[in-house]
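This report looks at charged side-chain pairs and at one helix packing contact. Please keep the sequence and the structure at hand while reading.

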Amino acid sequence: MPLGLRGKKKDKSKETSALVEAEATVAGRRGDEDAAAAAPTAAAASPPPEVPIRLLFHTQLAHGSPTGRVEGFASVRELYAKIAAAFRIAPTEIMFCTLNTHKIDMDKLLGVQIGLEDFIFAHVKGVKKEVEVFKSEDSLGLTITDNGNGCAFIKRIKAGSLIDQIKVICVGDHIESINGKSVVGCRHYEVAKNLKDLEKGQTFTLKLIEPLKSFDMIEPRSKGGSFAEGKITRGKETLRLRSKGPATVEEMPSDIEEKAVKKVDDLLEMYMGIRDLELAATMVEAGKGKNNPDEFAVALDESLGDFAFPDEFVFDVWGAIGDAMQGRY
């Protein structure tokens, strides 16, 4: 496990000690188990009770911190709360998380699945900035996503676009307000719609917050990568996070399922200007066992009715899922 603190038990600060206390608890339990095994009992012949699997993940703040441990979460919101508690910060300070890298790499963005050996880096709020933009074109060239906890941020800037010419606006920036109207707590599709509805030929104001960076992270602006070039999991099993219901340990998605999710995510960007792996994966799941677009549309209305997807989009998603499942990608 990267950046582990095993063996470094001398002269620990109080903060570090608090962050790694879970490891001492595990060791204590193992000692109790060894003592119990050595003592003969009348019930020795009985099979031991089943012990639930304890999933423990390592985490750091991306700009630099001791290593913390988090466990017992079932959603992104709960994960952020656990990370915040480990580092004694407010959950709302966490903008997004990346897996296995401290850099602002949108290909390594934490999505709906975490590999059981993944290391989680939390990016927190840094410098605030205010930018005036003249909307000279209909499209700004932005792709918006959110962290599932009320923070919408820029995932991609299209090369050569209007926003690409404004170098102070960067991938990873949290959009705090548009023309003085707060969008904190809004979902990505709401923020994208607000930006799209801005009148062409007018100047608007964005209030942004960039992620806090360590010195070695200060580098030329990234335009964001393509999800198709990255992986969202490591190892043979992943922890699947859900916005509703408990998290589950599952086998890694098959290559076919990954291709279907990537294609649906592309369509979300094309139609709605957002990227959302959880939403894309939910739509792929909704398509399983459906025989035609009408059945698929009904399933989407039941599980994702709040989005009110247009018929053309639903039809394209149905076709994309079918093409992926039949190996046409």
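The sections below cover salt bridges first and then a pair of helices.

## Basis and salt-bridge count

The model is predicted. In this model 14 salt bridges are counted. Several of them are described below.

## Arginine 187 and aspartate 146

One of the salt bridges pairs arginine 187 with aspartate 146, and their closest N and O atoms are 2.7 Å apart. This pair joins distant parts of the chain, with the two positions 41 residues apart in sequence numbering. Arginine 187 sits in the loop between β9 (181-182) and α4 (188-196), while aspartate 146 belongs to strand β6 (residues 142-146).

Are the two partners buried or exposed? Aspartate 146 has a relative accessible area of 12% and is therefore buried, since buried means under 20%. Arginine 187 has a relative accessibility of 30%, so this residue counts as partly exposed.

## Arginine 275 and its acidic partners

Which acidic residues form salt bridges with arginine 275? One of them is aspartate 265, where the closest N and O atoms are 3.1 Å apart. Arginine 275 lies in the loop between α5 (255-272) and α6 (277-287), and aspartate 265 lies in helix α5, so this salt bridge ties together parts that are 10 residues apart in sequence. Another partner is glutamate 269, whose side chain meets that of arginine 275 at 2.5 Å, N to O.

Both arginine 275 and aspartate 265 are buried. For arginine 275 the relative accessibility is 3%, which is why this residue counts as buried. Glutamate 269 is buried as well, because its relative accessible area is 17% and the cut-off for buried is under 20%. These residues belong to a network of salt bridges that links Arg156, Asp265, Asp266, Glu269 and Arg275.

## Packing of α6 against α8

A packed pair of helices is described by the angle between the axes and by the distance between the axes. For α6 and helix α8 (residues 311-325), the axes come within 10 Å and cross at roughly 75 degrees. The crossing therefore makes α6 roughly perpendicular to α8, as angles of 65 to 115 degrees fall in that class.

Which residues meet in this contact? From α6 there are Met283, Val284 and Gly287, and from α8 there are Phe313, Val317, Trp318, Ile321 and Met325. Sorted by class, the contact of α6 with α8 holds seven nonpolar residues, one polar residue and no charged residues. Gly287 is part of the α6 side, and Gly counts as polar.

How values were computed: Residues numbered from 1 in each chain as written. Predicted model: local features only at pLDDT ≥ 70, side-chain atom pairs only at ≥ 80, totals over all residues. Heavy atoms only, no water. Salt bridge = Lys/Arg side-chain N within 4 Å of Asp/Glu carboxyl O. Helix = DSSP H or I, 4+ residues; strand = E, 2+ residues; numbered from the N terminus. Buried < 20%, exposed > 50% of the residue type's maximum accessible area, 1.4 Å probe, protein only. Axes fitted to C-alpha atoms, helices over the stretch in contact; angles between N-to-C directions. Parallel < 35°, antiparallel > 145°, perpendicular 65-115°, else oblique. Contact = heavy atoms within 4.5 Å.
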